[in-house]
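The report that follows describes the architecture of one protein chain, moving from its overall layout to individual strands, a helix and a few single residues. Please keep the coordinates open while reading.

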Amino acid sequence: MKFRPCIDLHEGCVKQIVGGTLTDDAGKTPETNFTSDKSAGNFAALYQEDGLQGGHVIMLGKGNEEAALEALGAFPDGMHVGGGVTPENAQKYLDAGASHVIVTSYVFRDGTIDFDKLHELESAVGKERLVLDLSCRRRSNEGESPRYFVVTDRWQKFTDYEITQENLETLAQHCSEFLVHGVDVEGLRVGIIGELVEMLGRWSPIPVTYAGGARSVEDLELVKLLGRGRVDLTIGSALDIFGGSLSYDTVVKWHYANLHGDDVELSSISNPKERLRCMTARTALEADRAAVTANAAFRTALKLASASDH
């Protein structure tokens, strides 16, 4: 399982926005958790330095292309890019350094998927460089099992395309990865949508990244468990680099400690830099856990000693 970093762009700036508040209505301003004074390129350079491949740059509306191109240039072949991608402009982003392009609205029209448009994109960029954004919201009647449907147009419009095993298997024939925002909790820092992560872990035949609501290292552990180690996680607003309280450095350490399964002998990793990062992270994480356990035992002993004195 991997941590996938993000750069969300709105009006040319790096921002963290509550997903459900985005709208095309010029009179309404989305709810913003954080606006950075650093450029998109600064964040991309940080992710490159930490070896975090496969994150995403998302252009939320117009006026973000320059910032997106700056980020792609700062981390060549390291990040995916999405937001207004079409067959006509996709190659420009790939040439600028994107490893993949992410697409939603272009292939979902009038509330349903347009397979002609999907085939057109697949022909333009190749299946191996195409990511489908299946960001979704819950839509279930009372008493029904949870059902999630893809939403488009700033996540405001429902489509009739449901997140099911059959649909994921169908779309996997035309792309290399899925990106799935749990829009109902996006930007709210209230925890992940566990049932959605569990569905993705069971059903997706290709790599899939979940985003939405993550706020702690415990959420990383939960996604690893519910997603069967097959679902990667994006954390945005909760990170200290975006104004939150969760340490980015801690998340990076967790990423490397869990990048390979517990049954993998780290000394066998061929990339020396990755091998060192993974070994260092696992050792540090084990030390942190031992310290927490020792502290808890010490506090329990103090309570017992205090009780015996009385």
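How far apart do the C-alpha centres of domain 1 and domain 2 lie? In this predicted model, the C-alpha centres of domain 1 and domain 2 are 32 Å apart. The domain assignment places residues 3-248 in domain 1 and residues 261-309 in domain 2.

## Overall layout

The chain contains nine helices and 16 strands. Its radius of gyration is 21 Å, close to the 19 Å that the globule rule gives for 310 residues, so the chain is as compact as a globular protein of that length. The C-alpha trace spans about 75 × 50 × 40 Å along its principal axes, and 50% of the 310 residues count as buried. When contacts between residues at least 6 apart in sequence are considered, 64% of them join residues at least 24 apart.

## The sheet

An open sheet is formed by 11 strands, which follow the order S1-S16-S15-S14-S10-S7-S6-S5-S2-S3-S4 with mixed pairing. Its edge strands are S1 (3-4) and S4, each of which pairs on one side only. Several of the pairings within the sheet are set out below.

| Strand pair | Sense | Bridges |
|---|---|---|
| S2 (residues 6-10) and S3 | antiparallel | two |
| S3 and S4 (residues 32-35) | antiparallel | three |
| S5 (residues 55-59) and S6 (residues 79-82) | parallel | four |
| S10 (residues 130-133) and S14 | parallel | three |
| S14 and S15 (residues 208-211) | parallel | four |

Strand S3 (residues 13-17) has four of its five residues buried, so S3 is largely enclosed by the rest of the structure. Together with S2, strand S3 forms a hairpin that has two residues between the strands, and in the turn Glu11 adopts a positive phi of about 55°. Within this hairpin, Leu9 has Val14 of S3 as its bridge partner, while in the pairing of S3 with S4 it is Thr32 of S4 that serves as the bridge partner of Ile17. In the parallel pairing of S5 with S6, Ile58 stands opposite Gly82 of S6.

Strand S14 (residues 177-181) is mostly covered, with five of its five residues buried. In a regular strand the side chains alternate between the two faces of the sheet. In S14, Glu177, Leu179 and His181 point one way, Phe178 and Val180 point the other way, and all of these residues are buried. The bridge partners connect S14 to strands that it pairs with: Asp133 is matched with Leu179 of S14, and Phe178 is matched with Val208 of S15. S14, helix H6 and S15 together make a right-handed β-α-β unit.

Which residues of the chain does Thr209 contact, leaving aside its neighbours within four places in sequence? Thr209 lies in strand S15, and it counts as buried because its relative accessibility is 3%, under the 20% cut-off for that class. The contacts of Thr209 are with Arg4, Glu177, Phe178, Leu179, Val180, Asp232, Leu233 and Thr234.

## Helix H7 and its surroundings

Which residues of helix H7 (residues 217-226) are buried? The buried residues of H7 are Val217, Asp219, Leu220 and Val223. These residues cover an arc of only 160° around the axis, which puts them on the same side of H7. On the face turned away from this buried side, H7 carries the exposed residues Glu218 and Leu225. The cover over the buried residues of H7 includes helix H6 (194-203), strand S16 (231-234) and helix H8 (248-258). Just after H7, Arg228 takes a positive phi of about 60°.

## A loop position

Gly243 is located in the loop between S16 and H8. When residues up to four places away in sequence are not counted, Gly243 touches Phe34 and Ser237. The C-alpha atoms of Gly243 and His80 are separated by 23 Å, and these two residues are 163 residues apart along the chain.

Methods. Residues numbered from 1 in each chain as written. Predicted model: local features only at pLDDT ≥ 70, side-chain atom pairs only at ≥ 80, totals over all residues. Heavy atoms only, no water. Domains from an automatic or database assignment. Buried < 20%, exposed > 50% of the residue type's maximum accessible area, 1.4 Å probe, protein only. Arc of directions from axis to C-beta. Contact = heavy atoms within 4.5 Å. Pairing = 2+ DSSP bridges. Right-handed = clockwise from strand over helix to strand, strands pointing away. Rg over C-alpha atoms; globule rule 2.2 N^0.38 Å.
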